[in-house]
Structures are given as structure tokens and as C-alpha cells.
Amino acid sequence: MTSKSIESVILSIAGHPTSTGYLYLGCAVQAVIDQGQFLPRSLMKTIYQPIAARFGTSTGNVARNIARAVDDCWDYGDRTKLNAIAKRNLTEKPTPGELILFLTHYCSNLKE
């Protein structure tokens, strides 16, 4: 899975795609794919911390920006495409961890 493919999927659900949170979200999805597993209780340490180090920011800033990207997807993005990625009809906004998991599964099953 290439970062361009992940970016393309994220852009398909984004409301305001120039937000920094979308960059971090793509990195988080790529990190989970690279690790081969999703560990929900360790998002801050195993996913957000390396992203923060890479971009010279804090872990809290990464978490906050990803949460804002999730809000933006929910409020202004393509809800139909988001439901297709989640493989169910979402009745409430997903958490950042849930969206990362949904995107990881969806992107992992894409053919290059």
C-alpha cells in the first residue's frame, strides 16, 4: 500500500483536506499497516509518538489534529464514502482510533 493510495482514500472522505490532521491520519494508517496490527490501547505510544517525532511536534498535537480531521470528515466530508469504508451505516461519529482502523482495513484490501 503506497502513501499516495492512502492519501487518495482519505481525500475521498475529507471535508477540508488541507488540514494538518489529514497528513497525520495518513501517517497513522500507514503505521498500522506497517506494524501489521492495530493496538487500540497504545495509539499514543506506538502510532502518535513516532508521527510527532517525525514532524517535530508533540504527541498531544498529533492526537488533537487527527481528532479534528475525524470531526471534519463527519461534519463536512462524504458520509456515503465513509460508510462504505466502515462497511456499515455509521450513526455516530467514529473515534480517531475507529477511523484509523476502518481506513487501515479498507486500504489493506485495495488492489494497487
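What is the volume of the largest pocket? In this predicted model, the largest pocket has a volume of about 260 Å³. Its lining comprises 13 residues, and those closest to its centre are Glu-7, Tyr-22, Leu-23, Gly-26 and Cys-27. Helix H1 (3-13) and H2 are the elements that give two or more residues to this lining. By class, seven of the lining residues are nonpolar, four are polar and two are charged.

Helix H2, which spans residues 20-35, also takes part in two helix packings. Two packed helices are described by the angle between their axes and the distance between the axes.

The packing of H2 against helix H3 (residues 43-55) has an angle of about 125°, with the axes 10 Å apart. An angle of this size falls outside the range of 65 to 115 degrees for roughly perpendicular axes and is not over 145, and H2 and H3 are therefore oblique to each other. Their crossing is right-handed. On the H2 side, the contact is formed by Leu-23, Tyr-24, Cys-27, Ala-28, Ala-31, Val-32 and Gln-35, which meet Thr-46, Ile-47, Ile-51, Arg-54 and Phe-55 in H3. The residues of this contact divide into nine nonpolar, two polar and one charged.

The packing of H2 with helix H4 (residues 59-76) brings the two axes within 8 Å, at a crossing angle of roughly 105°. H2 is therefore roughly perpendicular to H4. Here Thr-20, Gly-21, Tyr-22, Tyr-24, Leu-25 and Ala-28 of H2 meet Asn-61, Val-62, Asn-65, Ile-66, Ala-69, Asp-72 and Cys-73 of H4. This contact has eight nonpolar, four polar and one charged residues.

Several residues of H2 recur in this account. Tyr-24 and Ala-28 meet residues of H3 and also residues of H4. Leu-23 and Cys-27 are among the residues closest to the centre of the largest pocket, and both belong to the contact with H3. Tyr-22 is likewise one of the residues closest to the pocket centre, and Tyr-22 takes part in the contact with H4.

Conventions
Residues are numbered from 1 along each chain as its sequence is written. This is a predicted model: local features need pLDDT of at least 70, side-chain atom pairs count only at pLDDT 80 or more; totals for chains, interfaces and linings use all residues. Side-chain values use heavy atoms; hydrogens and water are left out. Axes are lines fitted to C-alpha atoms, for helices over the stretch in contact, and angles run from 0 to 180 degrees between N-to-C directions. Helices (H or I, at least four residues) and strands (E, at least two) are DSSP runs, numbered from the N terminus. Angles under 35 degrees count as roughly parallel, over 145 as roughly antiparallel, 65 to 115 as roughly perpendicular and the rest as oblique. A crossing is left-handed if the near helix is turned anticlockwise from the far one by less than a right angle, and right-handed if clockwise. Contact means heavy atoms within 4.5 Å. Ala, Val, Leu, Ile, Met, Phe, Trp, Tyr, Cys and Pro count as nonpolar, Asp, Glu, Lys and Arg as charged, and the others, Gly among them, as polar. On a 1 Å grid over the protein atoms alone, a cavity is a set of points where a 1.4 Å probe fits but cannot get out, and a pocket is an open set with protein on both sides within 12 Å along at least five of seven lines; lining residues have an atom within 4 Å of a point. Grid points are joined across faces, edges and corners, and a volume is the space filled by probe spheres set on the points.
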